[in-house]
Amino acid sequence: MSSTSQKHKDFVAEPMGEKPVNALAGIGEVLGKRLEEKSFDKAYVVLGQFLVLKKDEELFRDWLKDTCSANTKQQDGEITTEKATHFNS
């Protein structure tokens, strides 16, 4: 797996609260907008989707690709964040 990004480190350094979806590692302005258009506007809503998919990384990757056209690098960043967020809460 790739090294942890600064964005990921910043995200997990404090409670998730009401952080916007584009605060997630791998999710920038463009993907964030695509997710918001589909009502995934907060980081906790995306975490919820990860949990609904029973933390299945392959299903979550497919969901990210289908929902916002995330590429493999973006998916990797997002999965790293979701796993760290889930296991640290």
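Rings of Phe, Tyr and Trp (its six-membered ring) count as a pair if their centres lie within 6.5 Å; planes under 30 degrees apart make the pair stacked, over 60 edge-to-face, and the rest tilted. The model is predicted, so local features need pLDDT of at least 70 and side-chain atom pairs pLDDT 80 or more, while totals for chains, interfaces and linings use all residues. Residues are numbered from 1 along each chain as its sequence is written, and side-chain values use heavy atoms, with hydrogens and water left out.

**Exercise 1. Find the aromatic pairs and classify the one between Phe50 and Phe60.**

Step 1: The structure has 3 aromatic pairs.

Step 2: Take Phe50 and Phe60: the ring centres are 5.1 Å apart and the planes stand at 75°, so this pair is edge-to-face.

Step 3: Now place them. Phe50 belongs to helix α3 and Phe60 to helix α4, 10 residues apart, and the pair links distant parts of the chain. Helices here are DSSP runs (H or I, at least four residues), numbered from the N terminus.

Step 4: Phe50 and Phe60 are both buried, meaning under 20% relative accessible area (exposed is over 50%, partly exposed in between; 1.4 Å probe, protein chains only).

**Exercise 2. Work out how Phe60 and Trp63 pair, then name the ring cluster.**

Step 1: Phe60 and Trp63 are stacked, at 5.6 Å centre to centre with 15° between the planes.

Step 2: Both sit in helix α4, 3 residues apart, or about one turn of the helix.

Step 3: Put the ring pairs together and you get a cluster of Phe40, Phe50, Phe60 and Trp63.

**Exercise 3. Sort the two faces of helix α2 (residues 29–37).**

Step 1: Pick out the buried residues: Leu31, Gly32 and Leu35.

Step 2: Look down the α2 axis. The buried residues fall within an arc of 105° (taken from the directions from the axis to the C-beta atoms), so they line one face of the helix.

Step 3: On the face turned away from the buried side, you'll find the exposed residues Glu29, Val30 and Glu37.

Step 4: Just past α2 comes Ser39, with a positive phi near 70°.

**Exercise 4. Trace the largest nonpolar core and the contacts of Val46.**

Step 1: A nonpolar core is a set of buried Ala, Val, Leu, Ile, Met, Phe, Trp, Tyr and Cys residues joined through side-chain atoms within 4.5 Å.

Step 2: The largest has 19 residues, of which Leu24, Leu35, Val46, Phe60 and Trp63 touch the most other members.

Step 3: Helices α2, α3 (43–52) and α4 (57–68) each give two or more residues to this core.

Step 4: Leaving aside neighbours within four places in sequence, the contacts of Val46 (heavy atoms within 4.5 Å) include Phe60, Trp63 and Glu78.
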